[in-house]
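This report walks through selected features of one protein chain. Please look at the sequence and the structure below before reading on.

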Amino acid sequence: MPILPATPEAIRQAAQALARGDIVAFPTETVYGLGANALDARAVAKVFAAKERPRFNPLIVHVPDLAAAELYAVITDTARLLAEAFWPGPLSLVLQKRPACGIADLVSAGLDTIALRAPAHPVAQALLAEVKLPIAAPSANRSGRVSPTTAAHVQAELGELPAMILDGGPCPLGIESTVVSVIGLEPGLLRPGALPREAIELVLGRPLARAKANHRGASPGQLAIHYAPATPLRLNVTRPEAGDALLAFGPDTPDFDGPTRNLSRQGDLNEAAAKLFATLRELDQMGATAIAVMPIPAHGLGEAINDRLQRAANRG
Ligand code: TXA
Ligand code: MG
């Protein structure tokens, strides 16, 4: 039985499993991660194999804090500013990797940069404190599918492949971290996520560039098709059709008899982000012809929500 409640004893076992080169799923405040010792190339290879993830798509490395991050990456003034403001938390920073820092080359898919994040979830922090190793951890889903926000979702995605799934309950934020590149002159937003752009821009005192796919330090993982359920999605729908399942948002919803889930009746984007992936999974099971998605505002967490929905809709 690979799902274990995240007791101190289970966390100790998970740390031992990681140290011997096994892969372990664990909760973070954003989504569940599938972790491996980032210093161990064979362990990292198991993560790529379990996810069926293309090897050109690099992984995020989890560290307890900024002091640990300094071992693996060059921390510029801008990086320090952002890490001090938002770590631990849902921000991943793409940084210049320190040569000979011991991180397996496969983690960064051969790039000379590395994405680092200090997660805030108490189980993730306890695991990092126990294992005393950097943990490479992508979201614990099969490549191209919706990220898991519960231990049961991890099991549905990966079955018996992880040596253990630490169950810390549903992830409080429910959408992946914001990825910011601080390589080069202008900090750039590589992936909108659980930390709203506005909060980052306030600390920087200037707008974040939206990094292009061909930008140096761009995220190779940001393919247009990603995070897709099997049922086709239609976006910005105000009039759902027969056969649809409706993904609603806010208090004013259209008259509709079919299956309906509301991401937030109050129109709260934080609540909507936390429920997005679990609700997509649920609607995907309903045998609908399509999932019709109401318009969702683009500010705050709405940027990340709309990004994930657009990728899901791109599946054609
Ligand atoms: O919230 C999260 O970030 C979760 C939890 C588990 O921490 N992790 C996660 O990892 O979403 P993953 O592998 O699903 O997404 C990592 C993203 C990908 O878009 C990848 O291309 C990008 O980060 N990335 C990683 N290393 C990079 C690098 N050196 N340069 C540019 N992008 C990088
Ligand atoms: Mg992912």
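## Asp307 and its partner

In this predicted model, Asp307 has a relative accessible area of 9% and is therefore buried. Arg210, with a relative accessible area of 39%, is partly exposed. The two residues form a salt bridge in which the closest N and O atoms are 3.8 Å apart. Arg210 belongs to strand E12 (residues 209-210) and Asp307 to helix H9 (residues 302-313), so the salt bridge ties together parts that are 97 residues apart in sequence.

Salt bridges with shared partners join Asp307 and Arg210 into one network with Glu176, Arg197, Glu201, Glu303, Arg308 and Arg311.

## Where the two domains meet

The chain is divided into domain 1 (3-210) and domain 2 (233-313). Taken over C-alpha atoms, the centres of domain 1 and domain 2 are separated by 27 Å. In domain 1, 24 residues are in contact with 16 residues of domain 2. About 1400 Å² of area is buried between domain 1 and domain 2, and carbon and sulfur atoms give 54% of this area. On the domain 1 side, Val146, Ile175 and Pro192 lose the most area to domain 2, together 36% of what that side buries.

The rule finds 5 salt bridges across the interface of domain 1 and domain 2. Between domain 1 and domain 2 there are also 7 residue pairs in polar contact. Helix H6 (151-158), strand E11 and helix H7 (197-204) each supply at least two residues of the side of domain 1 that touches domain 2.

## Arg191 and Ser147

Arg191 lies in strand E11 (residues 188-191). Arg191 is buried and has no salt bridge, the nearest side chain of opposite charge being Glu176 at 5.1 Å. The Arg191 side chain does reach the backbone oxygen of Ser177, at 3.0 Å.

Glu176 appears again in the surroundings of Ser147, a residue in the loop between strand E8 (135-136) and helix H6: the side chains of Ser147 and Glu176 make a polar contact of 2.4 Å. A further polar contact, of 3.5 Å, joins the side chains of Ser147 and Ser139. Ser147 counts as buried because its relative accessibility is 0%.

## Helix H2 and its ends

Helix H2 spans residues 41-51, and its buried residues are Ala43, Val44, Ala45, Val47, Phe48, Ala50 and Lys51. Strand E3 (33-37) and helix H6 are among the elements that cover these residues. At the N-terminal end of H2, Asp40 acts as a cap, with a side-chain oxygen 3.0 Å from the backbone nitrogen of Arg42. Just after H2, Glu52 has a positive phi of about 55°.

## Salt bridges around helix H2

There are 20 salt bridges in the structure. One of them joins Lys46 and Asp22, whose closest N and O atoms are 3.6 Å apart. Lys46 is in helix H2 and Asp22 in the loop between helix H1 (8-19) and strand E2 (24-26), so this pair links parts of the chain 24 residues apart. Lys46 is partly exposed, at a relative accessible area of 37%, and Asp22 is likewise partly exposed, at 22%.

Another salt bridge joins Glu52 and Arg142, with the closest N and O atoms 2.6 Å apart. Here the partners are 90 residues apart: Glu52 is in the loop between H2 and strand E4 (60-62), and Arg142 is in the loop between E8 and H6. Glu52 counts as exposed at 54% relative accessibility, while Arg142 counts as partly exposed at 26%.

Terms used
Residues numbered from 1 in each chain as written. Chains lettered and ligands numbered in written order. Predicted model: local features only at pLDDT ≥ 70, side-chain atom pairs only at ≥ 80, totals over all residues. Heavy atoms only, no water. Helix = DSSP H or I, 4+ residues; strand = E, 2+ residues; numbered from the N terminus. Buried < 20%, exposed > 50% of the residue type's maximum accessible area, 1.4 Å probe, protein only. Lys, Arg positive; Asp, Glu negative; His and termini not counted. Salt bridge = Lys/Arg side-chain N within 4 Å of Asp/Glu carboxyl O. Polar contact = N/O pair within 3.5 Å; in protein donor to acceptor, adjacent residues only side chain to side chain. Domains from an automatic or database assignment. Contact = heavy atoms within 4.5 Å. Buried area = accessible area lost by both parts, 1.4 Å probe.
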